[in-house]
Structure formats: structure tokens, C-alpha cells
Amino acid sequence: MEINLPPYEIKLREQNGHRQIFDFLRRRYVALTPEEWVRQHFVHFLVEHKGYPKGLLANEVELRIGEKKLRCDSLLYNKESQPQMIIEYKAPHIELTQRVFDQITAYNTLLHVDYLIVSNGLQHVCCRMDYEKNSWEFLQDIPNYSMIHSLECRV
């Protein structure tokens with residue numbers, strides 16, 4: 001599956017007739033779906049190319065609104081264990097539409113993070129939230145962790 005992310009040393013296996021990919025954050029093999037292919041490449045991209053600490057990232061984080069359960073694809077936490085970035089993945093054939101952004105915005109009503117990212121492996125959209133102005137700014141690129149961390153330290 002061709003995507004717009006750097007390659008990494010992928011660990012695949014077949015178990016009970018199903019293909020699996022190793023998730024180095026969850027430290028286990030998970031079902032290989034198109035969305036999971038994007039997630040694994042994106043998380044490796046953040047760690048290996050953008051300097052994000054592996055220990056501050058988590059995959060498949062459950063959220064609750066009353067009785068309703070939601071699941072964030074990936075979260076970046078700050079050093080105080082507060083969510084700082086939500087990352088939502090879609091399969092490469094899924095277009096990044098307003099509906100996709102509505103989904104990640106719903107998660108953010110609970111988490112109130114600084115950054116939102118949506119990726120289908122081909123396109124990656126990142127925005128920085130500005131809660132004082134009740135708006136967001138779309139960024140040209142995914143920021144390096146050092147940039148996020150330096151902004152966090154100034155607050």
C-alpha cells in the first residue's frame with residue numbers, strides 16, 4: 001500500500017489466517033488494516049523523523065462521554081500526562097472531509113488539546129488550536145516535537 005510517509009522496518013506476521021503488524025507503542029501485534037498501516041507509519045514518522053518521545057505517545061485511547069465510549073487513534077501527552085495532540089487516521093482511500101474533522105473535534109471537546117492531526121497516509125492536515133480566539137490555524141507541516149515542547153514550556 002503506497003502512502004506519503006517514510007518507510008521503516010515493518011514487522012508483519014500471519015496468525016490464524018490474518019495478517020498482523022507490530023505496534024511498538026502497544027508492544028503487540030494488531031490486525032493489519034489499511035488504517036493501521038497508516039497509524040504505524042505515522043507514529044514511526046513522529047518518533048524517528050520529528051523527535052516525538054515514544055513514551056509520550058499512545059494508540060487506541062478510550063474516552064467516555066457518559067455511557068458513550070469513543071476511541072482516539074493516537075494521543076500525544078505532555079510530561080505532566082495531559083493530552084496535547086489528537087491524531088486521527090483514515091485508510092488511504094478515505095477522503096479527508098469535514099466529517100473527519102467533525103470526528104476529531106468531538107474528541108477535542110473532551111480533551112482540549114493544542115494540536116489536531118488527521119492523516120490518510122497520503123494527506124496530513126495539522127492545526128493548532130487557539131482557545132483565546134476560539135479558532136484554529138492550519139500549519140504547513142507537522143511540527144517537530146521540539147517546537148511543541150518549547151511552546152509548552154513558555155505557557
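## A walk from salt bridges to a pocket

Start by selecting Arg-71, which is partly exposed at 34% relative accessibility (buried means under 20% relative accessible area, exposed over 50%, and partly exposed in between, with a 1.4 Å probe and protein chains only). Before you go on: this is a predicted model, where local features need pLDDT of at least 70, side-chain atom pairs count only at pLDDT 80 or more, and totals for chains, interfaces and linings use all residues. Residues are numbered from 1 along each chain as its sequence is written, and side-chain values use heavy atoms, with hydrogens and water left out.

Now add Glu-60, also partly exposed, at 28%. Glu-60 and Arg-71 form a salt bridge, with the closest N and O atoms 3.2 Å apart (the rule is a side-chain nitrogen of Lys or Arg within 4 Å of a carboxyl oxygen of Asp or Glu). Glu-60 sits in strand 4 (residues 57–65) and Arg-71 in strand 5 (residues 68–77), so this pair ties together parts eleven residues apart in sequence. Helices (H or I, at least four residues) and strands (E, at least two) are DSSP runs, numbered from the N terminus.

Next, show Asp-23, Arg-26, Glu-35, Glu-36, Arg-39 and Asp-73 too; with Glu-60 and Arg-71 they are linked in a network of salt bridges. Zoom in on these pairs:

- Arg-26 with Asp-23: the closest N and O atoms are 2.4 Å apart, and Asp-23 is buried at 0%.
- Glu-35 with Arg-39: here the closest N and O atoms are 3.9 Å apart. Both lie in helix 1 (residues 34–50), four residues apart, about one turn. Glu-35 is partly exposed at 21%, while Arg-39 is buried at 2%.

The structure holds eleven salt bridges.

Now for the cysteines. Why does Cys-72 have no bond to Cys-127? Their sulfurs are 14 Å apart, too far for a bond, although Cys-127 has the closest cysteine sulfur to that of Cys-72. Select Cys-126 as well: its sulfur is the closest to that of Cys-127, but at 6.4 Å it is too far for a bond. A disulfide needs two cysteine sulfur atoms within 2.5 Å, and the count comes to zero.

Last stop: the second largest pocket, about 280 Å³ in volume. Select Thr-105, Asn-108, Leu-116, Met-129 and Trp-136, the closest to its centre of the 17 residues that line it. Which element gives the largest share of the lining? Helix 2 does, with seven residues.

Technical notes
1 Å grid on protein atoms, 1.4 Å probe; cavity = no way out; pocket = protein on both sides within 12 Å on 5 of 7 lines; lining within 4 Å. Points joined across faces, edges and corners; volume = space filled by probe spheres on them.
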